[in-house]
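Please open the model in your viewer and keep a selection box at hand. The stops below each begin with something to select and then say what is there.

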Amino acid sequence: MDSRTYNPRTVEEVFRDFKGRRAGLIKALTTDVEDFYNQCDPEKENLCLYGFPSEQWEVNLPAEEVPPELPEPVLGINFARDGMQEKDWLSLVAVHSDAWLLASAFYFGARFGFDKADRKRLFNMINELPIIFEVVTGAAKKQVKEKSSVSNHSGSKSKSSSKAQRASESQARQPKPLQSKEEDEELDDQDDDEHGETLCGACGEHYGTDEFWICCDICEKWFHGKCVKITPARAEHIKQYKCPSCSNKRARP
């Protein structure tokens with residue numbers, strides 16, 4: 001299919017067009033490089049390298065119409081062929097081919113009214129592929145190897161650090177075992193059962209979980225804090241509590 005008669009209109013179609021042209025250009029600069037080199041005769045007029053959506057390539061003269069229907073590739077690639085080393089010349093053509101591909105893709109985007117989101121999506125799709133220069137120079141393969149190496153290294157490092165972190169967290173938790181909600185409820189029920197029949201040694205009322213109580217260390221009777229005028233804060237500083245009755249008994253001669 002000729003590039004000058006094909007007009008993709010959606011982001012996906014423009015990306016397919018881009019990939020097809022890119023594949024054709026890569027073929028010219030890699031697998032078909034000998035044929036491409038021979039076609040770029042410096043004795044000929046200004047030549048351009050075209051890539052087509054059909055994944056084919058062509059060395060030809062630039063379009064005659066002005067302005068052209070599509071952006072044109074760089075002119076005169078054949079003139080530089082014999083003036084530099086082959087690998088450098090191919091790298092130069094690759095760079096210009098990358099520029100032409102982007103120009104063509106965003107030409108379609110502008111022509112068919114892609115908004116900011118569409119243009120960003122198109123660029124992100126394009127950016128996932130190695131550029132032609134990277135393919136021709138071998139940089140793409142090198143990046144894949146480095147990325148794989150970094151990924152494996154970071155993966156093993158992450159695993160080891162995760163193990164160390166889990167071990168550290170486990171050790172940190174051991175001195176202070178956390179009680180689940182169910183365990184807390186069981187303990188509350190046990191407290192209720194244990195003290196449910198307990199009566200205050202001063203007023204005779206039943207034990208209540210919502211009230212502060214204190215036990216006499218001598219007679220082991222329980223008292224409402226309010227009945228013996230002991231607050232929770234004060235109780236923290238009492239090493240051995242004696243209820244009023246036991247205190248009076250000890251005070252007698």
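Start by selecting Glu12, Asp118 and Arg121, which are linked in a network of salt bridges, a salt bridge being a side-chain nitrogen of Lys or Arg within 4 Å of a carboxyl oxygen of Asp or Glu. The model is a predicted one, in which local features need pLDDT of at least 70 and side-chain atom pairs count only at pLDDT 80 or more, while totals for chains, interfaces and linings use all residues. Residues are numbered from 1 along each chain as its sequence is written, and side-chain values use heavy atoms, with hydrogens and water left out.

Within this network, look at the pair Arg121 and Glu12, whose closest N and O atoms are 2.6 Å apart. Arg121 lies in helix H4 and Glu12 in helix H1 (residues 11-29), so this salt bridge ties together parts that are 109 residues apart in sequence; helices here are DSSP runs of H or I with at least four residues, strands are runs of E with at least two, and both are numbered from the N terminus. Then turn to the side chains of Asp118 and Arg121, which meet in a salt bridge at 3.9 Å, N to O. Both of these residues lie in helix H4, three residues apart, or about one turn of the helix.

Colouring by relative accessible area gives Arg121 as partly exposed at 37%, Glu12 as partly exposed at 36% and Asp118 as partly exposed at 23%. On this scale buried means under 20%, exposed means over 50% and partly exposed is in between, with a 1.4 Å probe and protein chains only.

Next, stay in helix H1 and select Asp17 and Arg21, whose side chains meet in a salt bridge of 2.6 Å, N to O. The two are four residues apart in H1 and thus separated by about one helical turn, and both are buried. A search of the whole structure finds five salt bridges.

Now add helix H3 to the selection. How do H1 and H3 cross, and at what angle? Their axes come within 10 Å and cross at roughly 165°, where axes are lines fitted to C-alpha atoms, for helices over the stretch in contact, and angles run from 0 to 180 degrees between N-to-C directions. H1 and H3 are therefore roughly antiparallel to each other, the classes being under 35 degrees for roughly parallel, over 145 for roughly antiparallel, 65 to 115 for roughly perpendicular and oblique for the rest. H1 passes H3 in a right-handed crossing, meaning that the near helix is turned clockwise from the far one by less than a right angle, whereas anticlockwise would be left-handed.

The contact, defined by heavy atoms within 4.5 Å, includes Asp17, Phe18 and Arg21 of H1 and Trp100, Leu102 and Ala105 of H3. By class, the contact of H1 with H3 has twelve nonpolar, one polar and three charged residues; Ala, Val, Leu, Ile, Met, Phe, Trp, Tyr, Cys and Pro count as nonpolar, Asp, Glu, Lys and Arg as charged, and the others, Gly among them, as polar.

Keep H3 (residues 86-111) selected and bring in H4 (residues 116-127): the axes of this pair come within 11 Å and cross at roughly 150°. H3 and H4 are therefore roughly antiparallel to each other, and H3 passes H4 in a right-handed crossing. The contact is made by Leu102, Ala105 and Phe106 of H3 and by Arg119, Leu122, Phe123 and Ile126 of H4, and these residues divide into six nonpolar, no polar and one charged.

For the backbone, go to Pro67, found in the loop between strand E2 (57-60) and H3, where the peptide bond from Val66 to Pro67 is cis, with omega near -5°. Then select Glu55, in the loop between strand E1 (48-51) and E2, whose phi is near 70°, a positive value in a residue other than glycine; Glu55 is partly exposed at 41% relative accessibility. Another positive phi in a residue other than glycine, near 60°, belongs to Lys229, which sits in the loop between strand E4 (222-224) and helix H8 (232-235) and counts as exposed at 69%.

Finally, show the whole chain, whose secondary structure comes to nine helices and four strands. Buried residues make up 27% of its 253 residues.
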